[in-house]
Amino acid sequence: VGDLDGDGKGEVMALGGRGISDTNPLAPLLSPGLYVIESDGDNEFVDLPNIYDFEPDLPDRWRAEQMTIADVDGDGNEELLFGNNGSDNEFDNWYVLSVTGDLGSTTSVPVWNVEARWSSRSTEDFDPVNRGGGSPYGMVAANLDGGDDMEIAMQSWNNFNFTNARATDADTYETVDDDTGWYHASTSDHVALFGCVAVDMDDNGDDEVYCPNFYTGDVAILNYESGEDALTVGEDNIVLDLIPGLSALGITAGDIDMDDQIELIGSGPGYLPGNYNNGDDPQWIAIADFEGGDVEDPDNYSVRLISFPDDNVNQFDTVNRDSLGTMSTYMEAGQQGHEFTSKLAFLGDPDDDDHNELVFATQGVDDTLYVYDEVWDETSESYTRTVSEAEAHGRRAFVRVFSGDGLTSSFTEERVVLPSDYVLHSNYPNPFNPSTTFSFTLPLDKQISVHIYDLTGRRVRTLINNERFTQGTHRATWDGLLESGLPAASGTYIYTLEYGNFMQSRKMLLIK
């Protein structure tokens, strides 16, 4: 998120459009590219996204695990930074983008400027330099050496590869174009999958970059001492297994417990069927406290896991197994695998309650929990499985806001409203004469309209015109009259629930 066009209205940005089925009704509107939705300045995001292609030849895959925004080159305009895991080497690139124009304009198309583009591999078309190889992922702005210019630390999926760049002037960047400009920190194919975080942990005027290892759960550090060249990367700049067990996925930093010392915050160990069977509480997040001293010394960090006892409920499928008359019951992870924390963001104290907050996302959450019956089949020498029960998962939180009030287990779950939470119900009676009634459900207070259309798309009656309704279910009745007051003819009509560019519709039949 940020304000790339500088108009005071924030934008939400994401790379999307990959894998949309041709049968999806929104497919004509959703092509691959950079999706941008701008706020109207009053906490509303009601329009479909604007989609931009900032390359002359659009790749078939835009995929980034970390996107950051900062005024890297100090020109007063923010830049968007991300590494793209493209479908081929040509689009395995780290990008620095800026925009000219208004991202919220309906009359003009803003221009995207590619201020910098570096390949992780040497390519013939635009970047012959080898930068360590692998698929680009992490990309963060940092002041690595304490100088006047900002650096960009980049990480790719190939032996925990690091390479750096520096902004030297407006829209101007430099790198080291030889083997000293990149470094493989691991002999194995390791990666900081969801990116890294930059923070001045020891408050000495330059930033350290902390990166979680997807394969080990340990966190590495990229660090430079006074006088070192931050454009070269070598063994002296990286400690691979600095903080064991802190995070395998996302990472952020902030003073969550308000003790005047920044903490590193990472993903906890997740929640498996064995944890539930043992009565263990889920541990969604882990926190590393820096005790002072050398930031490259593992002994100067301590890790604590934060438990969430309210989440100690069955979140798994149940298997009732009949093994030749011997019955047993056990839990197993569902179709999504198991629930775990992925990306995190430190918020500060946005609600002014004198406690800092953290927002984090969870993945691997199943929509449905199943009960399976298994019976041993001697003929096939395998178990035959059938579904005996299925119910909606009762604990499907995928975004949480954690309050650091003494680091207790207290947290609140932020309500995330989806289009499917707006429901337009069937009308009754149907067919009808002369009137019919239907209801609609709103997940929050909202200004909405309800219209009646004929099959040609012509609006014939407005029942509700941009009126504000409270959260909950409401009813509307159509008396079968047109806007003119005359009776409508027999036939099929469409009634809609609308706000912004959103619309749900249903058909009804008037018979006289």
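Okay, aspartate 352: at 65% relative accessibility it counts as exposed, where exposed means over 50% relative accessible area, buried under 20% and partly exposed in between, with a 1.4 Å probe and protein chains only. You'll find aspartate 352 in the loop between β23 (340-348) and β24 (357-363); helices (H or I, at least four residues) and strands (E, at least two) are DSSP runs here, numbered from the N terminus. Aspartate 352 has a positive phi, about 55°, and it isn't a glycine.

Quick word on where this comes from: it's a predicted model, so local features need pLDDT of at least 70 and side-chain atom pairs count only at pLDDT 80 or more, while totals for chains, interfaces and linings use all residues. Residues are numbered from 1 along each chain as its sequence is written, and side-chain values use heavy atoms, with hydrogens and water left out.

Now, aspartate 203. Its phi is positive too, about 55°, and again this is not a glycine. Aspartate 203 sits in the loop between β13 (197-199) and β14 (208-212), and with a relative accessible area of 67% it is exposed.

Staying with backbone oddities, look at the loop between β29 (423-424) and β30 (436-442), where proline 429 is found. Tyrosine 428 and proline 429 are joined by a cis peptide bond, omega about -5°. Proline 431 is in the loop between β29 and β30 as well, and the peptide bond leading into it from asparagine 430 is cis, with omega near 5°.

On to the strands. Four of them, in the order β4-β5-β6-β7, make an open sheet with antiparallel pairing; two strands pair if DSSP finds at least two bridges between them. At the edges are β4 (67-70) and β7 (111-119), each pairing on one side only. From one strand to the next the twist averages 25°, taking axes as lines fitted to C-alpha atoms, for helices over the stretch in contact, and angles from 0 to 180 degrees between N-to-C directions. If you zoom in on β6 (residues 93-100), eight bridges join it to β7, and the two run antiparallel. One place to look is valine 99, which stands opposite tryptophan 112 in β7.

Then there's β8, residues 135-142. How many of its residues are buried? Eight of eight, so to speak: the strand is mostly covered. β8 pairs with β9 (residues 151-157) in the antiparallel sense, over six bridges. Alanine 141 stands opposite isoleucine 152 in β9.

Next, two residues worth clicking on. Threonine 163 lies in strand β10 (residues 161-169). Is threonine 163 buried or exposed? Buried, with a relative accessible area of 2%. A polar atom of the threonine 163 side chain lies 2.7 Å from the backbone oxygen of glycine 181; a polar contact is a pair of N or O atoms within 3.5 Å, where within protein one must be able to donate a hydrogen and the other to accept it, and residues adjacent in sequence count only if both atoms are side-chain atoms.

The other one is tryptophan 182, in strand β12 (residues 182-184). Tryptophan 182 counts as buried at 17% relative accessibility. Its C-alpha is 5.6 Å from that of arginine 131, and those two residues are 51 apart along the chain.

Last topic, the empty space. On a 1 Å grid over the protein atoms alone, a cavity is a set of points where a 1.4 Å probe fits but cannot get out, and a pocket is an open set with protein on both sides within 12 Å along at least five of seven lines; lining residues have an atom within 4 Å of a point. Grid points are joined across faces, edges and corners, and a volume is the space filled by probe spheres set on the points.

By that rule there is one cavity of 30 Å³ or more. The largest cavity has a volume of about 60 Å³, and its lining includes Tyr271, Phe316, His338, Glu339, Asp366 and His393. That lining splits into three nonpolar, six polar and two charged residues; Ala, Val, Leu, Ile, Met, Phe, Trp, Tyr, Cys and Pro count as nonpolar, Asp, Glu, Lys and Arg as charged, and the others, Gly among them, as polar.

The second largest pocket has a volume of about 270 Å³. Its lining has 16 residues, with Glu38, Asp47, Asn50, Leu103 and Gly104 nearest the centre. Strand β2 (residues 33-38) gives the largest share of that lining, three residues. By type, the lining of this pocket is six nonpolar, five polar and five charged.
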